[in-house]
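Reader: I've got a new structure open and I'd like to learn how to read it. Could you walk me through it?

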Amino acid sequence: MTPLHGYLLISALLFAIGLAGAVTRRNSIIVLIGIELMLNAANLNFIAFWRFGPNPEALTGVVFALFSIAVAAAEAAVGLALIISIYRHYKTTDLDRVDSMKG
Amino acid sequence: MTAAFIVICLVILASGIAAMTLRNLVHCALSLSITFAGLAALYLQLDAQFVGFAQILVYVGAVAILIVFAILLTRGSEPGRQSIYSPHWLIGVGIAAVVFAVIGAVILSSKALVRPQAPAPEVGVRQLGDQLMTKYVLPLEVLGLLLTAALIGAVILAMQEGHSKRAGGAE
């Protein structure tokens with residue numbers, strides 16, 4: 001097993017943990033945390049493939065990971081603002097009780 | 001497979017599982033920041049220094065604080081004694097396990113991944129800045145636009161209701 005296998009496996013495991021949390025938890029903030037974990041697992045893949053790729057001097061993986069981090073930050077900001085807005089309306093962040101988009 | 005890699009992996013996995021299973025939401029956010037810090041350590045091990053420090057700045061510094069604030073602002077909704085998991089949690093865990101099994105099987109059976117490790121590339125911040133200002137300048141500008149739009153959108157989403165209430169009270 002090469003180091004690349006190790007990095008890819010840890011990334012897959014982190015992705016699975018985030019997915020399990022995102023689909024099983026009831027609190028919407030924890031669901032968002034799970035999505036962040038999945039995004040970070042993808043970032044780790046970018047960096048690992050860049051480092052062990054045939055041409056690491058090209059810097060494509062690093063730039064891609066940087067852009068991915070920035071987009072994930074924007075996603076987190078908008079997601080949390082949505083959750084706060086939903087909380088003001090429903091007085092709950094429980095996803096099982098937030099089941100309509102109107103009223 | 002160095003000892004440092006194994007230790008960092010154990011920290012990442014333990015804190016990731018804790019972030020997904022703990023009952024107290026603030027504890028979840030704190031374990032999440034430990035996961036982010038561990039990932040930054042992995043980036044440093046992979047010779048991507050700038051991405052590692054950006055990870056610490058953006059995730060441990062900003063996103064974790066943002067999540068803690070969101071948790072504190074929605075504090076009244078914490079479940080008392082009821083379950084923190086959805087009723088069909090077994091199906092969700094099963095789906096995640098299947099996804100991991102598929103990805104893991106593909107990784108372990110792939111022949112394309114077996115290649116000699118290249119020597120550590122000379123990647124300074126200077127080269128990265130050069131690339132960002134020449135080859136990737138258009139994506140960088142688009143990204144700045146996206147961040148601005150997300151910032152304005154988040155502010156509008158989070159403040160709308162109080163604003164309309166105040167306007168209603170003034171009438």
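Author: Sure, let's begin with one residue, D47(B), which sits in the loop between α2 and α3 of chain B. Keep in mind that this is a predicted model.

Reader: What is the phi of D47(B)?

Author: D47(B) has a positive phi of about 65 degrees, although it is not a glycine.

Reader: And how do I tell whether D47(B) is buried or exposed?

Author: You count neighbours: a residue is buried if 20 or more other C-beta atoms lie within 10 Å of its own, and exposed if 12 or fewer. D47(B) has 18 C-beta neighbours inside 10 Å, so it counts as partly exposed.

Reader: Which class does K91(A) fall into, buried or exposed?

Author: K91(A) has 11 other C-beta atoms within 10 Å, so it is exposed. You'll find K91(A) in the segment after α3 of chain A. K91(A) is not a glycine either, and its phi is positive, about 60 degrees.

Reader: Let's step back to chain B. How many helices and strands does it have?

Author: Chain B has six helices and zero strands. Along the sequence, that reads as α-α-α-α-α-α.

Reader: What share of chain B is buried?

Author: Of the 171 residues in chain B, 20% are buried.

Reader: How far apart in sequence are the residues that touch within chain B?

Author: Take the contacts in chain B between residues at least 6 apart in sequence: 50% of these join residues at least 24 apart.

Reader: Can we look at some distances along that chain too?

Author: Try F69(B), in helix α3 of chain B. The C-alpha atoms of F69(B) and G144(B) are separated by 24 Å, with their places 75 residues apart along the chain. F69(B) counts as partly exposed because it has 13 C-beta neighbours inside 10 Å.

Reader: And I84(B), where is that?

Author: I84(B) lies in the loop between α3 (49–73) and α4 (89–109) of chain B. With 19 C-beta neighbours inside 10 Å, I84(B) is partly exposed too. Its C-alpha atom is 44 Å from that of L128(B), and these two residues are 44 apart along the chain.

Reader: Now for the two chains together. How many residues does each give to the contact?

Author: Chain A puts in 62 residues and chain B 74 residues. On the chain A side, α1 (3–24), α2 (28–52) and α3 (60–90) each supply at least two residues. The largest share of that side, 21 residues, comes from α3(A). Sorted by class, the side of chain A that touches chain B has 42 nonpolar, eleven polar and nine charged residues.

Reader: How do I read the way two helices pack?

Author: You look at the angle between their directions and the distance between their axes; angles under 35 degrees count as roughly parallel. For α3(A) and α3(B), the angle is about 5 degrees and the axes are 10 Å apart. These two helices are therefore roughly parallel to each other.

Reader: Which residues meet there?

Author: On α3(A), they include V62(A), L66(A), I69(A), L80(A) and I84(A). On α3(B), F50(B), V58(B), L66(B), I67(B) and L73(B) are among them. The residues of this contact divide into 20 nonpolar, one polar and no charged.

Reader: What about α1(A) and α1(B), at what angle do they pack?

Author: Their angle is about 10 degrees, with axes 9 Å apart. That makes α1(A) roughly parallel to α1(B). The contact includes I10(A), L14(A) and I17(A) from α1(A), along with F5(B), I12(B) and M20(B) from α1(B). By class, it has eleven nonpolar, three polar and no charged residues.

Reader: Last topic: the core. Which residues of the largest nonpolar core touch the most other members?

Author: Those are I29(A), I33(A), I47(A), L80(A) and I67(B), out of 67 residues in this core. Two or more residues come from each of α1, α2 and α3 of chain A, and likewise from α1 (3–21), α2 (25–45), α3 and α6 (137–170) of chain B. The core also draws at least three residues from each of domain 1 (1–76) and domain 2 (123–171) of chain B.

Reader: What does L80(A) touch?

Author: Leaving out residues up to four places away in sequence, L80(A) touches L32(A), L66(B), I67(B) and A70(B).

Notes
Residues numbered from 1 in each chain as written. Chains lettered and ligands numbered in written order. Predicted model: local features only at pLDDT ≥ 70, side-chain atom pairs only at ≥ 80, totals over all residues. Contact = placed C-beta atoms within 7 Å. Helix = DSSP H or I, 4+ residues; strand = E, 2+ residues; numbered from the N terminus. Nonpolar A, V, L, I, M, F, W, Y, C, P; charged D, E, K, R; others polar. Axes fitted to C-alpha atoms, helices over the stretch in contact; angles between N-to-C directions. Parallel < 35°, antiparallel > 145°, perpendicular 65-115°, else oblique. Core = buried A, V, L, I, M, F, W, Y, C linked by C-beta atoms within 7 Å. Domains from an automatic or database assignment.
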